[in-house]
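Trainee: I would be grateful for a close look at one part of this protein, set in the context of the whole chain. Please take a single helix together with the loops on either side of it.

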Amino acid sequence: MVCLGNICRSPVAEGVMRSKLEKYKLNIKLDSAGTSNYHIGENPDQRSVKNASKNGIDISHLKARQFKENDFNEFDIIFVMDEQNKKDILSLAKNKEDQEKVKLILNESSITSHINVPDPFFGDEAGFQLVFELLDQACESMAQKLSNQIISLKQ
Ligand code: 4NP
């Protein structure tokens, strides 16, 4: 899960997706990172922590890190929050296989109102709640699909 700072959107994406993996009993490696080095080592923005907590998710322990080239080797899918993140991550891709791993997270959502998860950094609480709701929809939809694939493989 990737955004610019790894303090507002992608930690929420990580926390929400982790709760979906638990809900659907899916064993999948998951992490988040930022394209920038602005906030390395910091906990998520207090407004994200508060909003996620209000929605039942604890992200207070997470620590920001910067996306690194080796993440292409460590992960099968790189979900980005917006088109600028996508450009920035694609500029680090070494080959076509890397490029194909990069996906806009809201492409996974059944809600089609947004292409990008809007950056809430300079906004208010409503912006953080919108981020939560968009990510909750996308992650729920992804987890359901993964769970159905596993069930059909077992049958
Ligand atoms: P994020 O939000 O990319 O969702 O973590 C931001 C965090 C920090 C800054 C911008 C966006 N910043 O300019 O420091």
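Mentor: Two residues are in contact when heavy atoms of theirs lie within 4.5 Å. Among the contacts in this protein between residues at least 6 apart in sequence, 69% join residues at least 24 apart. The model is a predicted one, and what follows should be read with that in mind.

I begin with the whole chain. The protein has six helices and four strands, and along the sequence these elements follow the pattern β-α-β-α-α-β-α-α-β-α. The radius of gyration is 15 Å, close to the 15 Å that the globule rule gives for 155 residues, so the protein is as compact as a globular protein of that length. Along the principal axes, the C-alpha atoms fill a box of roughly 45 × 35 × 30 Å. Of the 155 residues, 46% are buried. The protein exposes about 8,600 Å², and carbon and sulfur atoms supply 51% of that area. As for charge, there are 20 positive and 23 negative side chains, and the centres of the two sets lie 3 Å apart.

The part I have chosen is helix α1, with the loops on either side. Helix α1 covers residues 9-23, which is 15 residues. From its first C-alpha to its last it reaches 21 Å, close to the 21 Å expected at 1.5 Å a residue. The helix is mostly covered, with 11 of its 15 residues buried. The buried set consists of R9, S10, P11, V12, A13, E14, G15, V16, M17, K20 and L21. These buried residues pack against two strands, β1 (2-3) and β2 (33-34), and against the helices α2 (46-54), α4 (83-90) and α6 (125-154).

S10 shows this packing at the level of one residue. It lies in helix α1 and is buried, with a relative accessible area of 0%. Leaving aside neighbours within four places in sequence, S10 is in contact with M1, V2, C3, S32, A33 and M81. Y38 makes a useful reference point for distance: S10 and Y38 are 28 residues apart in sequence, and their C-alpha atoms are 14 Å apart in space.

Consider next the loop that precedes the helix. N6 lies in the loop between β1 and α1. Most residues other than glycine have a negative phi. N6, although it is not a glycine, has a positive phi of about 60 degrees. N6 is also buried, at a relative accessible area of 2%, because buried here means under 20%. Neighbours within four places in sequence aside, N6 is in contact with P11, S32, A33, G34, K63, A64 and R65. For a sense of distance, N6 and I89 are 83 residues apart along the chain, and their C-alpha atoms are separated by 14 Å.

The loop that follows the helix holds two residues of interest. K25, just after α1, is found in the loop between α1 and β2. K25 has a positive phi of about 55 degrees although it is not a glycine. K25 is exposed, with a relative accessible area of 74%, whereas N6, in the loop before the helix, is buried.

L30 lies in the loop between α1 and β2. At 16% relative accessibility, L30 counts as buried, because the limit is under 20%. Residues up to four places away in sequence not counted, L30 touches M1, E14, M17, R18, L21 and F75. Among these partners of L30, E14, M17 and L21 belong to the buried set of α1. L30 and Q84 are 54 residues apart in sequence and 22 Å apart in space, C-alpha to C-alpha.

One last residue comes from another helix, α6, which is among the elements that the buried residues of α1 pack against. S141 is placed in helix α6 and is buried, with a relative accessible area of 15%. Leaving aside neighbours within four places in sequence, S141 is in contact with E108 and S110.

To draw the picture together: helix α1 is mostly covered, and its buried residues pack against both strands and helices. In the flanking loops, N6 is buried and K25 is exposed, while L30 counts as buried.

Terms used:
Residues numbered from 1 in each chain as written. Predicted model: local features only at pLDDT ≥ 70, side-chain atom pairs only at ≥ 80, totals over all residues. Heavy atoms only, no water. Rg over C-alpha atoms; globule rule 2.2 N^0.38 Å. Buried < 20%, exposed > 50% of the residue type's maximum accessible area, 1.4 Å probe, protein only. Areas by Shrake-Rupley, 256 points an atom, 1.4 Å probe, with all protein chains shown as cover. Lys, Arg positive; Asp, Glu negative; His and termini not counted. Charge placed at Lys NZ, Arg CZ, Asp CG, Glu CD. Expected span 1.5 Å × (residues − 1).
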